[in-house]
Amino acid sequence: MNAQQSQAFEVTTPSDREIVMTRVFNAERARVFRAFTEPELIRRWLLGPDGVSMPLCEVDLRPGGRFHYRWRFDESGAERGLIGTFREVEAPTRIVYREDHDEEGNQGDATVTTTFVEHNGLTTVTMTLVFDSRELRDKAMESGQVEGTRICFDRLANVVLGE
């Protein structure tokens with residue numbers, strides 16, 4: 001584990017429908033924002049555990065634009081996907097989108113607000129997921145989504161450092 005990976009990853013559930021995840025990155029805000037929005041960078045960090053690849057990563061970054069991600073689990077060959085629609089894009093400070101899993105039985109749909117706040121060369125990323133119901137929020141918590149995000153954020157830390 002490098003020094004960047006030791007940064008605190010904080011998770012709270014401020015309401016019965018929300019998950020809030022926060023992490024500080026040792027990089028300027030514009031660089032972190034690009035890593036969240038450019039397909040060639042997204043493919044390097046938004047993977048979850050080892051053994052997962054992203055054969056599809058499409059991003060139309062504008063209000064009303066859509067994204068589509070598809071992951072492949074190398075061991076089983078299984079795939080799963082996520083589609084969404086951007087509601088707000090305020091580069092490099094804020095992104096709001098609606099996410100919907102592209103198959104039945106996944107952890108549920110949510111509206112996600114991601115903010116990027118820079119102070120002294122460090123960028124705090126806060127992702128607030130508001131699920132359609134408490135049951136969907138609880139299902140997401142039980143599915144490993146939070147641990148998967150922590151793993152992804154560790155990879156992201158290396159991507160924004162240029163590794």
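## A pocket, a sheet and two helices

The residues that line the largest pocket divide into 22 nonpolar, 10 polar and 2 charged. This is a predicted model, and the pocket is a good place to begin a walk through it. Its volume is about 680 Å³. Among the 34 lining residues, Leu46, Trp71, Arg80, Thr149 and Cys152 are the closest to the centre of the pocket. Helix α4 supplies the largest share of the lining, with 5 residues.

Let us follow one of those central residues first. Thr149 sits in helix α4. Is Thr149 buried or exposed? Its relative accessibility is 12%, and the limit for buried is under 20%, so Thr149 counts as buried. Leaving aside residues up to four places away in sequence, Thr149 touches Phe9 and Met21.

Two more of the central residues lead us into the strands. Trp71 has Arg80, in β5, as its bridge partner. The strands involved are β4, residues 66–73, and β5, which run antiparallel and are joined by 7 bridges. They form a hairpin with 5 residues between them, and Gly77 in that turn has a positive phi of about 80°.

Now step back to the whole sheet. It is an open sheet of 8 strands in the order β1-β2-β8-β7-β6-β5-β4-β3, and the pairing is antiparallel. At the edges stand β1 (9–12) and β3 (52–59); each has a single partner strand, so one side of each is left without a neighbour in the sheet. On average, and with direction ignored, neighbouring strands are turned by 20° against each other. As a reminder, strands of a sheet pair through backbone hydrogen bonds, either parallel or antiparallel.

With that order in mind, we can move along the sheet from β5. The next pair, β5 and β6, runs antiparallel with 8 bridges, and Gly84 stands opposite Glu99 in β6. These two strands form a hairpin with 3 residues between them. Pro92 lies in the loop between β5 and β6, and a cis peptide bond joins Ala91 to Pro92, with omega about -5°.

From β6 we pass to β7, where the pairing is antiparallel over 6 bridges. Here Arg94 has Thr115, in β7, as its bridge partner. Then β7 is joined to β8 by 10 bridges, again with the strands running antiparallel; in this pair the partner of Ala110 is Phe131 in β8.

The β7–β8 hairpin has 2 residues between its strands, and one residue of its turn deserves a pause. Asn120 is found in the loop between β7 and β8. What is notable about the phi of Asn120? It is near 55°, a positive value in a residue other than glycine. Exposed means over 50% relative accessible area, so at 70% relative accessibility Asn120 counts as exposed.

Beyond β8 in the sheet order comes β2. Strand β2 (residues 18–25) and strand β8 (residues 122–131) run antiparallel and are joined by 8 bridges. One of the partnerships is that of Val24 with Thr124 in β8.

Two helices can now be set against this sheet. Helix α1, residues 29–37, packs on the sheet and touches β2, β3, β5 (79–90), β6 (94–101), β7 (110–119) and β8. The direction of α1 makes about 155° with that of β7. Helix α4, residues 145–160, also packs on the sheet, touching β1, β2, β6 and β8, and its direction makes about 25° with that of β2.

Phe33 gives us a closer look at helix α1, where this residue is placed. At 6% relative accessibility, under the 20% limit, Phe33 counts as buried. Not counting residues up to four places away in sequence, Phe33 touches Leu61, Val89, Glu90, Ala91, Pro92, Thr93, Arg94, Ile95 and Phe116. Some of these names are familiar: Ala91 and Pro92 are the residues joined by the cis peptide bond, and Arg94 is the bridge partner of Thr115. For a sense of distance, the C-alpha atoms of Phe33 and Ser76 are separated by 32 Å, although the two residues are 43 residues apart along the chain.

Methods: Residues numbered from 1 in each chain as written. Predicted model: local features only at pLDDT ≥ 70, side-chain atom pairs only at ≥ 80, totals over all residues. Heavy atoms only, no water. Pairing = 2+ DSSP bridges. Helix = DSSP H or I, 4+ residues; strand = E, 2+ residues; numbered from the N terminus. Axes fitted to C-alpha atoms, helices over the stretch in contact; angles between N-to-C directions. Contact = heavy atoms within 4.5 Å. Buried < 20%, exposed > 50% of the residue type's maximum accessible area, 1.4 Å probe, protein only. 1 Å grid on protein atoms, 1.4 Å probe; cavity = no way out; pocket = protein on both sides within 12 Å on 5 of 7 lines; lining within 4 Å. Points joined across faces, edges and corners; volume = space filled by probe spheres on them. Nonpolar A, V, L, I, M, F, W, Y, C, P; charged D, E, K, R; others polar.
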